There are 2 protein chains.
Amino acid sequence: MITCTTVLNVNEGSEEPFEKLLGELVANVLANEPGTPLFQFVRSLTVPRRYLVVEQYVDEEALARHSATEYLKVFVPAMLPLLAADPELHSYVPVPAGDPTRKTTDNQDRGLT
Amino acid sequence: MITCTTVLNVNEGSEEPFEKLLGELVANVLANEPGTPLFQFVRSLTVPRRYLVVEQYVDEEALARHSATEYLKVFVPAMLPLLAADPELHSYVPVPAGDPTRKTTDNQDRGLT
């Protein structure tokens, strides 16, 4: 499982179009990417206009499939002008001790590994 | 659903004890906190010794219950000396457009809202 996080800081006044764009992306991902068990964006409780996208891909192939989609190619150039700073992207891999009590199958059922 | 992320940068040479400590915390959370559908830690693919903990709590009460646990009170003072910098903590709330196609119950089944 590959976990990606993207922090997006949005320009003042661009929140609504930004949330609409990202909502459409989430809808596309959920409808088209079975290998993406988690794709969610949330808004900071403390920092105004700071959003976080949390993504999980079952493997490299699922991530590559996501990256190659037409809807992502449309989304990125439409979203970038709404940002106040460059996106902060990070990719992560599981740590064996990260979920020690969970049987692998149990994790897979819940899309955690 | 409340989403929390914590970025932890670990001292060189402290990775193993750190991963052991965090693995025990994950095991405790999964065994004792039904209101915490997601509690996972992962390691950065690009930044050495950078770890991310992604947590989701169904509500404020579940987060308060987590914060009050004995095992968390034991974990924090044991973990802090292993860090190279202060933890970077952020809390987030869902955005209505964040998961537009998912029926609420479907989200709850998958622990996403």
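The paragraphs below lead through a predicted model of two chains, from its barrel of strands to its helices and a few single residues.

Local features of this predicted model are reported only at pLDDT of at least 70 and side-chain atom pairs only at pLDDT 80 or more, while totals for chains, interfaces and linings use all residues. Residues are numbered from 1 along each chain as its sequence is written, chains are lettered from A and ligands numbered from 1 in the order in which they are written, and side-chain values rest on heavy atoms, with hydrogens and water left out.

A good starting point is the sheet. Taking strands as DSSP runs of E with at least two residues, and helices as runs of H or I with at least four, both numbered from the N terminus, one finds 8 strands that close into a barrel in the order S1(A)-S3(A)-S2(A)-S4(B)-S1(B)-S3(B)-S2(B)-S4(A), with antiparallel pairing; two strands are said to pair if DSSP finds at least two bridges between them. Neighbouring strands of this sheet are turned by 30° against each other on average, with direction ignored, where axes are lines fitted to C-alpha atoms, for helices over the stretch in contact, and angles between N-to-C directions run from 0 to 180 degrees.

Several of these pairings can be followed residue by residue. Strand S4 of chain A, residues 88–94, is joined to S2(B) by 3 bridges in the antiparallel sense, and Tyr92(A) stands opposite Ser44(B) there. S2(B), residues 38–44, has 6 of its 7 residues buried, buried being under 20% relative accessible area, exposed over 50% and partly exposed in between, for a 1.4 Å probe and protein chains only. S2(B) also pairs antiparallel with S3(B), residues 50–57, over 6 bridges, and in that pairing Arg43(B) faces Tyr51(B). Within chain B, S1 (residues 2–9) and S4 (residues 88–94) are antiparallel partners over 5 bridges, with Tyr92(B) in S4(B) as the bridge partner of Thr3(B).

The hairpin of S2(B) and S3(B) has 5 residues between its strands, and Arg49(B) takes a positive phi near 60° in this hairpin. Because its relative accessibility is 25%, Arg49(B) counts as partly exposed. In chain A, Arg49(A) lies in the loop between S2 and S3, also with a phi near 60°, a positive value in a residue other than glycine. Asn9(A), in strand S1 of chain A, touches Arg49(A) and Glu88(A), among others, when residues up to four places away in sequence are not counted; contact here means heavy atoms within 4.5 Å. Asn9(A) counts as buried because its relative accessibility is 17%.

Turning to the helices, H1 of chain A (residues 15–32) lies across S1, S2 and S3 of chain A and runs at about 165° to S2(A), whereas H2 of chain A (residues 60–67) lies across S1, S2 and S3 of chain A at about 130° to S3(A). In chain B, the axes of H1 (residues 15–32) and H3 (residues 70–79) come within 11 Å and cross at roughly 165°, which means that H1(B) is roughly antiparallel to H3(B); angles under 35 degrees count as roughly parallel, over 145 as roughly antiparallel, 65 to 115 as roughly perpendicular and the rest as oblique. The residues in contact include Phe18(B) and Leu22(B) of H1(B) and Tyr71(B) and Phe75(B) of H3(B).
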